[in-house]
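This briefing sets out how two protein chains and two DNA strands are arranged in the entry shown below. It begins with the DNA surfaces and then turns to the contact between the chains.

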Number of protein chains: 2
Amino acid sequence: MSIIDKAIAHFTEELGERGLRKTPERFAILREIYNLGGHLDAEDLFMHMKNQNYRVSRATVYNTLELLVEVDLVKKLQFGNNITLFEKSLGYKQHDHLICTKCGRVQEFCDPRIQQTKSMVEEFIDFEITHHSLNIYGFCRECRKK
Amino acid sequence: MSIIDKAIAHFTEELGERGLRKTPERFAILREIYNLGGHLDAEDLFMHMKNQNYRVSRATVYNTLELLVEVDLVKKLQFGNNITLFEKSLGYKQHDHLICTKCGRVQEFCDPRIQQTKSMVEEFIDFEITHHSLNIYGFCRECRKK
DNA sequence: ATAGTTGCAAAAGCTTTGCAGTATG
DNA sequence: CATACTGCAAAGCTTTTGCAACTAT
């Protein structure tokens with residue numbers, strides 16, 4: 001069973017549990033995100049759907065993205081001030097992001113230390129963590145050369 | 001010499017070096033941020049200035065905030081989707097933030113591990129770091145009790 | 001004197017909302 | 001068939017921009 005099929009199955013189940021309707025738009029958007037891959041914003045996604053002659057509205061794109069974030073199929077990323085991107089999350093291991101402020105490129109990286117930090121926070125500050133966001137900004141290798 | 005005086009001195013120097021004018025509005029905004037303390041957004045700051053009968057415009061508040069971030073006197077924080085807050089940074093040691101998604105409260109915490117992560121990124125990924133943002137979201141002690 | 005800055009209001013950009021029509025369960 | 005969901009366009013919010021007036025140097 002491929003990742004996309006697992007995602008669709010999970011979405012179907014969640015929609016059922018929540019008493020929400022299984023509309024074709026919702027599945028089309030999920031499929032598009034998983035097929036495209038990478039990081040994309042709401043407008044990108046909307047245009048991609050339009051270009052393929054899907055009849056979807058911006059409102060539905062925004063609503064569905066929010067829903068997909070809620071059921072953990074998509075992660076919402078916030079970089080800098082007004083850059084919001086989304087990425088598929090099923091089958092992805094935990095990672096954080098490096099953002100090049102010159103060329104805008106986004107790289108992923110992993111460091112288990114963040115897990116230790118989170119454990120420390122839960123234990124000593126008595127804070128119940130739902131999620132985190134670690135972004136490191138600077139210049140990527142290519143931009144440093146120039 | 002108090003923190004605020006150091007901040008003013010630093011700002012004066014930076015403005016001089018950059019050939020920018022030392023306008024009363026710029027210093028008034030800097031003073032307001034350091035006097036108020038805590039986390040505040042652009043609109044808060046604008047209203048505070050207005051209430052004290054300062055004659056400043058929103059544009060100047062935004063421009064000056066950006067300038068203060070550039071000269072490292074103020075840090076810009078981005079929480080969730082559309083929450084941008086600013087905090088004074090002179091005399092503050094490095095820290096990150098815990099954001100309660102129920103009551104909106106923002107707590108600060110320190111963990112030296114983030115420095116190790118940054119060193120690792122610089123060394124092994126060849127990425128030149130300028131700054132980072134680590135936000136942990138969840139429920140604070142008070143909200144967990146309810 | 002002369003640019004850099006400011007205030008004001010309009011514009012821009014992204015996201016949400018209202019409403020009438022549509023289609024899921 | 002009832003009503004959750006959709007498309008469309010208008011409205012909302014925060015931030016930016018354009019321009020005439022002002023002022024630091």
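## Briefing on the predicted complex

The surface near DNA strand D is made up of 7 nonpolar, 4 polar and 8 charged residues. The model is a predicted one. Between chain A and chain B, about 3400 Å² of area is buried, and strand β5(A) runs antiparallel to strand β5 of chain B.

**Surface near DNA strand D**

- In total, 19 residues surround DNA strand D, and the closest of them are A:R21, A:R55, A:V56, A:T60 and B:Y62. Of the atoms of DNA strand D that come within 4 Å of the protein, 71% belong to sugar and phosphate.
- Chain A reaches the phosphates of DNA strand D through both side-chain and backbone atoms: a polar side-chain atom of A:R26 lies 3.0 Å from a phosphate oxygen, and a backbone N or O atom of A:V56 lies 3.3 Å from a phosphate oxygen.
- From chain B, the side chain of B:R21 places an N or O atom 3.1 Å from a base oxygen of DNA strand D.
- Two or more residues of this surface come from each of α2 (24-36) and α4 (58-70) of chain A and α4 (58-70) of chain B. The largest contribution is that of α4(B), which gives 3 residues.

**Surface near DNA strand C**

- DNA strand C has 16 residues around it, and those that come nearest are A:Y62, B:R21, B:R55, B:V56 and B:T60. Sugar and phosphate make up 68% of the atoms of DNA strand C that lie within 4 Å of the protein.
- Two residues of chain A approach phosphate oxygens of this strand: a side-chain N or O atom of A:Y62 is 2.4 Å from a phosphate oxygen of DNA strand C, and a backbone N or O atom of A:K22 is 2.7 Å from a phosphate oxygen of DNA strand C.
- In chain B, an N or O atom in the side chain of B:R26 lies 3.2 Å from a phosphate oxygen of DNA strand C.
- The elements that supply two or more residues here are α4 of chain A, together with α2 (24-36) and α4 of chain B.
- By residue class, the surface near DNA strand C holds 5 nonpolar, 4 polar and 7 charged residues.

**Interface of chain A and chain B: extent and contacts**

- Contact between the chains involves 37 residues of chain A and 37 residues of chain B.
- Carbon and sulfur atoms give 58% of the buried area of about 3400 Å². A:R113, A:F127 and A:Y137 together supply 18% of the area that chain A buries against chain B, more than any other three residues.
- The interface contains 6 salt bridges. The side chains of A:D126 and B:R141 form a salt bridge with an N to O distance of 3.7 Å.
- Polar contacts across the interface link 16 residue pairs, with both residues at pLDDT 80 or more.

**Interface of chain A and chain B: elements involved**

- On the side of chain A that touches chain B, two or more residues come from each of β1 (74-79), β3 (96-100), β4 (106-109), α5 (113-124), β5 (128-139) and α6 (141-145). The largest share, 12 residues, is that of β5(A).
- This side of chain A comprises 16 nonpolar, 13 polar and 8 charged residues.
- Strand β5(A) pairs with strand β5 (residues 128-139) of chain B over 11 bridges, in the antiparallel sense. Within this pairing, A:G138 has B:I129 of β5(B) as its bridge partner.

**Organisation of chain A**

- Chain A contains 6 helices and 5 strands. Read from the N terminus, its elements follow the order α-α-α-α-β-β-β-β-α-β-α.
- The C-alpha trace of chain A spans about 45 × 40 × 30 Å along its principal axes.

Definitions and conventions:
Residues numbered from 1 in each chain as written. Chains lettered and ligands numbered in written order. Predicted model: local features only at pLDDT ≥ 70, side-chain atom pairs only at ≥ 80, totals over all residues. Heavy atoms only, no water. Near = heavy atom within 4 Å. Polar contact = N/O pair within 3.5 Å; in protein donor to acceptor, adjacent residues only side chain to side chain. Helix = DSSP H or I, 4+ residues; strand = E, 2+ residues; numbered from the N terminus. Nonpolar A, V, L, I, M, F, W, Y, C, P; charged D, E, K, R; others polar. Contact = heavy atoms within 4.5 Å. Buried area = accessible area lost by both parts, 1.4 Å probe. Salt bridge = Lys/Arg side-chain N within 4 Å of Asp/Glu carboxyl O. Pairing = 2+ DSSP bridges.
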